[in-house]
Structure formats: C-alpha cells, structure tokens
Amino acid sequence: MTVVPPGTPEAAPTPSARSPQCQPPKAVVLLSGGLDSSTVLYQAKADGCDCYALSFDYQQRHRRELQAAVAIAQAAGVVAHQVVRFDLTQWGGSALTDNQLDLPSDRPLDGMATEIPITYVPARNTIFLSFALAYAEAIDAQRVYIGVNALDYSGYPDCRPDYLAAMQSVFQLGTRQGREGQPIEIIAPLVELRKTDIIELGNRLGVPWADTWSCYAGGDRSCGRCDSCRLRLAAFAELGLTDPVPYEVRA
C-alpha cells in the first residue's frame, strides 16, 4: 500500500516500468461521489493515470451519492464509470442499510472516533476493494485508488493503515498479477490527512465541491446533522470557506 504525497503529480514512470507503447498507468478509482473519493479521483488524474471509476449501489440509505458520482466522473473525464449493484439491506447491520436504525445526529466531533458507530457497514471496504481488484486485473490496471482517511473519520475499522496493509497482501497473494511479481497497488493518498488538508488539496486539484455529496440521510438537501455532514461542514468552516452544497441545517 502506498501513501502518495498529495498535491503534485507523481514523477512519470520510466519507459521500462510501462508497456512497450509507454501508455499511462491504468487506475481503478473507488468513487462514492463524496468529498474524499472525488479528491482521490482528481489526484489519480494528476498522477497521470487513465482512470476507471467504480461506484456501488448497495441499496444504501444515501443512494443520492450515486448522482454525485456520475457528475464527478463526467467532470473528471474518466475513461469509464461502472456502477456495481447488489443489496446489503438483506443483512442490515448498519444505519446505512437498515432504515429501522436511526442515524446518529448532532454528535460532538471529538466523540466520533471513540467507538465504531452504527453507520459502519460490515466489511464494506473489503467488498469494494474485492470488486476493484477484480476489475483492475481484468483490464490490466496497475493501481487501485481509495479515499479512506484515518484522522478526521468516524472510527471505521476499514479506514486505517493496518487494514490497507493487510489488503495489499491480499492483492499480492490472491491474483495472477501478484503471483507473477506485478501486484496491483493500493494507493491511499488521503489516509494521513485531516479533512481540512483534503479540502485544500481538492481546491488545488480543481474538485467541483458543489457536485459532491457526503450526507448519510439521503434527502434532496444535505441534513447538516449526521456525522458525515458535521465533519465536512466543520472542515470548510475551519478554513474560512463556505461549503457550496445546500444543507437543511448548517450547524
């Protein structure tokens, strides 16, 4: 797993590291349509990658995010954008996949990472990365980009560096490319950044924030009260900026 220093494109790979035609590297980018994943897509573009965006309709409460994913993929000019559909509401276990569970609201920011919240979807990033790995190997991609963040986050176990390191081992051991010495690399450029750092990076990269969506509630306007909204609003406010996304409440 690689943490790419954000903000500037990578040095171009040498011709020997590419195909004989010296094509740019291919990257599968996990794209939810939120602030983090949109920034990662634009970082992958800045790194010189041909980007293949991958989104998921798992019948989540906040499926509104998929509209944002389509808009961001179009704005970034990806090579292709796939939306994989399956139903995690059959199992529930999360406020994002079980409408009988209430979303946490109005929680203090400093208390969000003290425990794993009810918005954690069991094994979600493992599921997503498995799809991304299969897609990447099928198209001979060299990289999978993911927008996980281990600092300003809600305590999710699958957003942490040790988890990514373990998944990188899976990528190496569980694929033909990996066994032949050319493992697909997980790139997580945001994992050690604060939310304010991510917004500043996105501003440098030209991410259209108005097209993104972070709210867990899934209405026509962001609620402003769920953990995701509160983290996002606080970061914009800390930078002296106004989040262009419409909110029901700007706490």
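Start by selecting S37 and S32: the side chain of S37 reaches the backbone nitrogen of S32 at 3.0 Å. Bear in mind as you zoom in that this is a predicted model.

Stay on S37 for a moment. S37 lies in helix α1, which covers residues 35–46. Is S37 buried or exposed? With a relative accessible area of 7%, S37 is buried, because the cut-off for buried is under 20%. Show its surroundings next: setting aside neighbours within four places in sequence, S37 is in contact with L30, L31 and S32.

Now widen the selection to 31–41. In an unreviewed entry, UniProt lists L31, S32, G33, G34, L35, D36, S37, S38, T39, V40 and L41 under "binding site". Of these residues, L31, S32, G34, L35, D36 and S37 are included in the lining of the largest cavity.

Pick T39 out of that stretch. T39 also has its place in helix α1, and its relative accessible area is 0%, so T39 is buried. What does T39 touch, not counting residues up to four places away in sequence? Switch on L190, I198, L201, G202, L205, V207 and W209, and you have the residues T39 touches.

Next stop, the sheet. Colour the strands and you'll find five of them forming an open sheet in the order β3-β2-β1-β4-β5, with parallel pairing. The edge strands are β3 (80–85) and β5 (185–187), each pairing on one side only. Sight along the sheet to see the twist, which averages 25 degrees from one strand to the next.

For a detail inside the sheet, select β1 (residues 26–30) and β4 (residues 143–145). These two strands pair in the parallel sense over three bridges. Which residue of β4 does V28 stand opposite? Label V144, and you have the partner across from V28.

Bring in the helices that lie across the strands. Select 65–76 for helix α2, which lies across β2 (50–57) and β3. Helix α2 runs at about 170 degrees to β2. Then select 124–138 for helix α3, which lies across β1, β2, β3 and β4. The angle between helix α3 and β2 is about 140 degrees.

Two loop residues deserve a click for their backbone. Most residues other than glycine have a negative phi. Go to Q59, in the loop between β2 and α2: its phi is near 65 degrees, a positive value in a residue other than glycine. Q59 has 34% relative accessibility, so it counts as partly exposed. Then jump to A123, in the loop between β3 and α3. Phi of A123 is near 60 degrees, again positive in a residue other than glycine. A123 is partly exposed too, with a relative accessible area of 35%.

Finally, zoom out to the whole chain. How many helices and strands does the protein chain have? Count seven helices and five strands. Trace them along the sequence and the pattern reads β-α-β-α-β-α-β-α-α-β-α-α. Colour by accessibility, and 50% of the 251 residues count as buried. If you draw the contacts with a separation of 6 or more, residues 24 or more positions apart account for 74% of them.

Key. Residues numbered from 1 in each chain as written. Predicted model: local features only at pLDDT ≥ 70, side-chain atom pairs only at ≥ 80, totals over all residues. Heavy atoms only, no water. Pairing = 2+ DSSP bridges. Helix = DSSP H or I, 4+ residues; strand = E, 2+ residues; numbered from the N terminus. Axes fitted to C-alpha atoms, helices over the stretch in contact; angles between N-to-C directions. Contact = heavy atoms within 4.5 Å. Buried < 20%, exposed > 50% of the residue type's maximum accessible area, 1.4 Å probe, protein only. UniProt positions renumbered as here; feature names shortened; annotations may be inferred. 1 Å grid on protein atoms, 1.4 Å probe; cavity = no way out; pocket = protein on both sides within 12 Å on 5 of 7 lines; lining within 4 Å. Polar contact = N/O pair within 3.5 Å; in protein donor to acceptor, adjacent residues only side chain to side chain.
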